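Here is a walk through one protein model, written for someone new to reading structures. Keep the 3D view open and look for each residue as it comes up.

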Amino acid sequence: MRVRPRRAGLTLTRAGCERFPDALAAGDRESRIQPRPRRESERKDTEMGALDGRVAIITGAGRGIGREHALLFAAEGAKVVVNDLGGAMDGSGDDRTPAQQVVDEIKAMGGEAIANADNVADWEAGQRLINAAVEAFGDLHVLVNNAGILRDRVLVNMSEDEWDAVLRVHLKGHFIPTHWAAAYWREQAKAGKEVKASIVNTSSTSGLLGNPGQANYGAAKAGIAAFTVIASQELIRYGVRSNAIAPAARTRLTEATPGLDQVVKAPDDPGRFDVWDPANVSPLVAYLATESCPANGKVFFVQGGKVQLFQPWTLTESIDKDERWTVAELESEMKRLIGDGGAGVAR
Ligand SMILES: NC(=O)c1ccc[n+]([C@@H]2O[C@H](COP(=O)([O-])OP(=O)(O)OC[C@H]3O[C@@H](n4cnc5c(N)ncnc54)[C@H](O)[C@@H]3O)[C@@H](O)[C@H]2O)c1
């Protein structure tokens, strides 16, 4: 990869830096020419794609980051189920056009794909989604859980429906396809087949680091990271690896966020590396989906040219004694753990 000695020079608002704590660092790094993924039609017959022979389901792949995953997976030789119910940003409505357009693009470049409009948060629809892959392509190797919506509101104003809708699409919408895919892979493993499957989930810094105004979304996204770790522990015995990403990219979700719309803009100079291009996220997901990838139970931040490993929740300093603490003792001793308090404590 060639390196250009030029500053990316993004101007970042405070809100943008809070939501994507890494944004400043990414914008401040030296820019690089972005390698364009090769399309299927550009590959010579003898060249192997990283995902040749893999069958992949990508949820929410009609737009944004999921669309880029679908295009790169196909370019790398995967057969792709492009799932998307095509709703609005808040999850309302449905439209089959975006998923079909991605399928048409993949076919135009010589790849194989089918569209699927099932709702990932619906129990029977989740089973249909897994069946669709097996019926169309004879097997399933990869599940990328990516579909998502936003209903931002400070928690004191948040309605029950805003909470439920976001938890349903993200958290339940990760569990349901994973459940049915895992059932399929367990059956294969029990029948004596060597399974080399991969699940890639989509978390967010909004949950792993916290972001005001997104209690519903952040709780779901932190839950997805926990779900990923537990899935990695349960499913590895069947040959199924589970990992998660926390991406940062320009999509309708970030473009509609006050304070972020300007931050995520593409650079005016087309020669400069566009760190917010959603296509930057997909190579990591494709790598995690490859048959020989060893990663399991990991969560990665990914933006631009940066891939960063998250540390899991970790026990750190402690106070400990061989009997129960009194409240009065804790009033004095807890200072050793929490100092003067915590984030945002009013003084
Ligand atoms: N854009 C970012 O910077 C960013 C940051 C962190 C996490 N994420 C996560 O990345 C994922 C993709 O988001 P995006 O930014 O590309 O947004 P997007 O709105 O462009 O794409 C999400 C897609 O999911 C689909 N979808 C929504 N509910 C669905 C359902 N129930 N069943 C099937 N499809 C459904 C939508 O129709 C849409 O096409 C989401 O999980 C999002 O939370 C994005």
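## Around the ligand

Sort the shell around the ligand by class and you get 14 nonpolar, 17 polar and three charged residues. That shell has 34 residues, and G60, G64, A147, G148 and T251 are the ones that come nearest.

Where in the chain do residues of this shell come from? Helix α3 (64-75), helix α6, strand β8 (240-247) and helix α9 (252-255) each supply at least two of them.

## How far to trust the model

Keep in mind that this is a predicted model. The protein chain has a mean pLDDT of 88, with 85% of its residues at 70 or more. Confidence is highest in strand β6 (residues 142-144), at a mean of 99, and lowest in strand β1 (residues 3-7), at 27.

Over residues 1-38 the pLDDT stays below 50, although the model does give this stretch 72 contacts beyond near neighbours in sequence. Where pLDDT is low, the predicted coordinates should not be read in detail.

## The overall picture

The protein chain has twelve helices and ten strands. It runs to 347 residues, and 42% of them count as buried.

Now think about which parts of the chain meet. Take the contacts between residues at least 6 apart in sequence: 71% of these join residues at least 24 apart.

## The nonpolar core

The largest nonpolar core has 77 residues, and the members that touch the most others are A56, A70, F73, V80 and V82. Helix α6 (residues 160-190) gives the most to this core, with nine residues.

Let's zoom in on V80. Setting aside neighbours within four places in sequence, V80 is in contact with A56, I58, A70, F73, A74, I106 and A113. Click through these in the viewer and you can see who V80 meets.

## V81 in its strand

Next up is V81, which sits in strand β4 (residues 79-83). Is V81 buried or exposed? It has 30 C-beta neighbours inside 10 Å, so V81 counts as buried.

Which residues does V81 touch, leaving aside those within four places in sequence? They are I57, I114, N116, A132 and A133. You can also look for A136: this residue is 55 residues from V81 along the chain, yet their C-alpha atoms are separated by 8.8 Å.

## One face of helix α10

In helix α10 (residues 282-289), the buried residues are S282, V285, A286, L288 and A289. Look down the axis of α10 and these buried residues fall within an arc of 160 degrees, so they line one face of the helix. The elements that cover them include β3 (55-58), α3, β6, β7 (197-202) and β8.

S282 belongs to this helix, and it counts as buried because it has 28 C-beta neighbours inside 10 Å. Beyond the neighbours within four places in sequence, S282 is in contact with E68, H69 and L72. Its C-alpha atom is separated by 8.6 Å from that of A70, and those two residues are 212 apart along the chain.

## H179 in helix α6

Let's finish in helix α6, where H179 lies. Why does H179 count as partly exposed? A residue is buried with 20 or more C-beta neighbours inside 10 Å and exposed with 12 or fewer. H179 has 15, so it counts as partly exposed.

One more distance to try in the viewer is the one from H179 to Q127. Their C-alpha atoms are separated by 8.6 Å, while the two residues are 52 apart along the chain.

Technical notes. Residues numbered from 1 in each chain as written. Predicted model: local features only at pLDDT ≥ 70, side-chain atom pairs only at ≥ 80, totals over all residues. Core = buried A, V, L, I, M, F, W, Y, C linked by C-beta atoms within 7 Å. Helix = DSSP H or I, 4+ residues; strand = E, 2+ residues; numbered from the N terminus. Contact = placed C-beta atoms within 7 Å. Near = placed C-beta within 6 Å. Nonpolar A, V, L, I, M, F, W, Y, C, P; charged D, E, K, R; others polar. pLDDT = per-residue confidence, 0-100. Arc of directions from axis to C-beta.
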